[in-house]
Amino acid sequence: QVQLVESGGGLVQAGGSLRLSCAASGSIFSINGMGWYRQAPGKQRELVAHITSGGTTNCADAVKGRFTISRDNVKNTVYLQMNSLKPEDTAVYYCNADLWDGEVWYDYWGQGTQVTVSS
């Protein structure tokens, strides 16, 4: 049984910062890419940032220069440092991991963490 557990969301004023964490646990043999997605009310889920097992990153244009994704392969954890937050960053943030559980490669998702940015 594999679980992704996010933490670090909350309420912050515009211009503030938050750091999200997502730890994978359970039957994990290998993790390929890891990423953060977000979904605002009435909108589709969108990619925020992605990082490969080798550390190559890419971010959505809307967050470039403000958000940074990183990972700790020993702890099976991915992070999202969010700076200069804007009200339009308000959404539920989900982490995602493409991992091998000993039987199959599968895309796992966390339960989501709410980020609310007030103006």
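I started with Arg-45, which lies over the face of Trp-109, at 4.8 Å from the ring centre. Note to self: this is a predicted model, and everything below is read from it.

**Entry: another charge over a ring**

I then looked at Arg-19. Its charged end sits over the ring of Tyr-79, 4.1 Å from the ring's centre. Which residue in strand 8 is the bridge partner of Arg-19? I found Gln-81 there.

**Entry: the open sheet**

Next I wanted to know which strands go together. Four of them form an open sheet, and I wrote down the order as 1-3-8-7, with antiparallel pairing. The edges are strand 1 (2-7) and strand 7 (67-72), and each of these pairs on one side only. I also looked up the twist: on average, neighbouring strands of this sheet are turned by 15° against each other, direction ignored.

I went through some of the pairings. Strand 1 and strand 3 (residues 18-26) run antiparallel and are joined by six bridges. Along them I found Leu-4 opposite Ala-24 of strand 3, and Glu-6 opposite Cys-22 of strand 3. On to strand 3 with strand 8: the pairing is antiparallel too, over six bridges. A general reminder for reading these strands: side chains in a regular strand alternate between the two faces of the sheet.

**Entry: Thr-77**

I picked a residue from strand 8 (residues 77-82), namely Thr-77. Is Thr-77 buried or exposed? Its relative accessibility is 7%, so I put it down as buried, the limit for that being under 20%.

What does Thr-77 touch, leaving out residues up to four places away in sequence? My list reads Cys-22, Ala-23, Met-34, Ser-70, Arg-71 and Asp-72. Cys-22 I had already met, as the residue in strand 3 opposite Glu-6. I found a polar atom of the Thr-77 side chain 2.9 Å from the backbone oxygen of Lys-75. I also checked Thr-77 against Ala-60: they are 17 residues apart in sequence, and their C-alpha atoms are 20 Å apart in space.

**Entry: strand 4 and its partners**

Met-34 was on the contact list of Thr-77, so I followed that lead. Met-34 stands opposite Ala-97 in strand 9. Strand 4 (residues 30-39) and strand 9 (residues 91-100) pair in the antiparallel sense, and I noted eight bridges between them.

Strand 4 also runs antiparallel to strand 5 (residues 46-51), with five bridges joining the two. Which residue of strand 5 is the bridge partner of Trp-36? I read off Ala-49. Strands 4 and 5 form a hairpin, with six residues between them. In that turn I spotted Gly-42, with a positive phi of about 75°.

**Entry: aromatic pairs**

How many aromatic pairs are there? The count comes to three. I looked into the pair of Trp-100 and Trp-105: the ring centres are 5.9 Å apart and the planes stand at 55°, so I call the pair tilted. Trp-100 has 28% relative accessibility and counts as partly exposed. Trp-105, at 45%, counts as partly exposed as well.

**Entry: Asp-89**

Last stop was a loop. Where is Asp-89? I found it between strand 8 and strand 9. At 1% relative accessibility, Asp-89 counts as buried. A polar atom of the Asp-89 side chain lies 2.8 Å from the backbone nitrogen of Lys-86. Not counting residues up to four places away in sequence, Asp-89 touches Arg-38, Val-63, Arg-66, Phe-67, Ser-84, Val-115 and Val-117.

Definitions and conventions: Residues are numbered from 1 along each chain as its sequence is written. This is a predicted model: local features need pLDDT of at least 70, side-chain atom pairs count only at pLDDT 80 or more; totals for chains, interfaces and linings use all residues. Side-chain values use heavy atoms; hydrogens and water are left out. Two strands pair if DSSP finds at least two bridges between them. Helices (H or I, at least four residues) and strands (E, at least two) are DSSP runs, numbered from the N terminus. Axes are lines fitted to C-alpha atoms, for helices over the stretch in contact, and angles run from 0 to 180 degrees between N-to-C directions. Buried means under 20% relative accessible area, exposed over 50%, partly exposed in between (1.4 Å probe, protein chains only). A polar contact is a pair of N or O atoms within 3.5 Å; within protein, one must be able to donate a hydrogen and the other to accept it, and residues adjacent in sequence count only if both atoms are side-chain atoms. Contact means heavy atoms within 4.5 Å. Rings of Phe, Tyr and Trp (its six-membered ring) pair if their centres lie within 6.5 Å; planes under 30 degrees apart count as stacked, over 60 as edge-to-face and the rest as tilted. A charge sits over a ring if NZ of Lys or CZ of Arg is within 6 Å of the ring centre and within 35 degrees of the ring normal.
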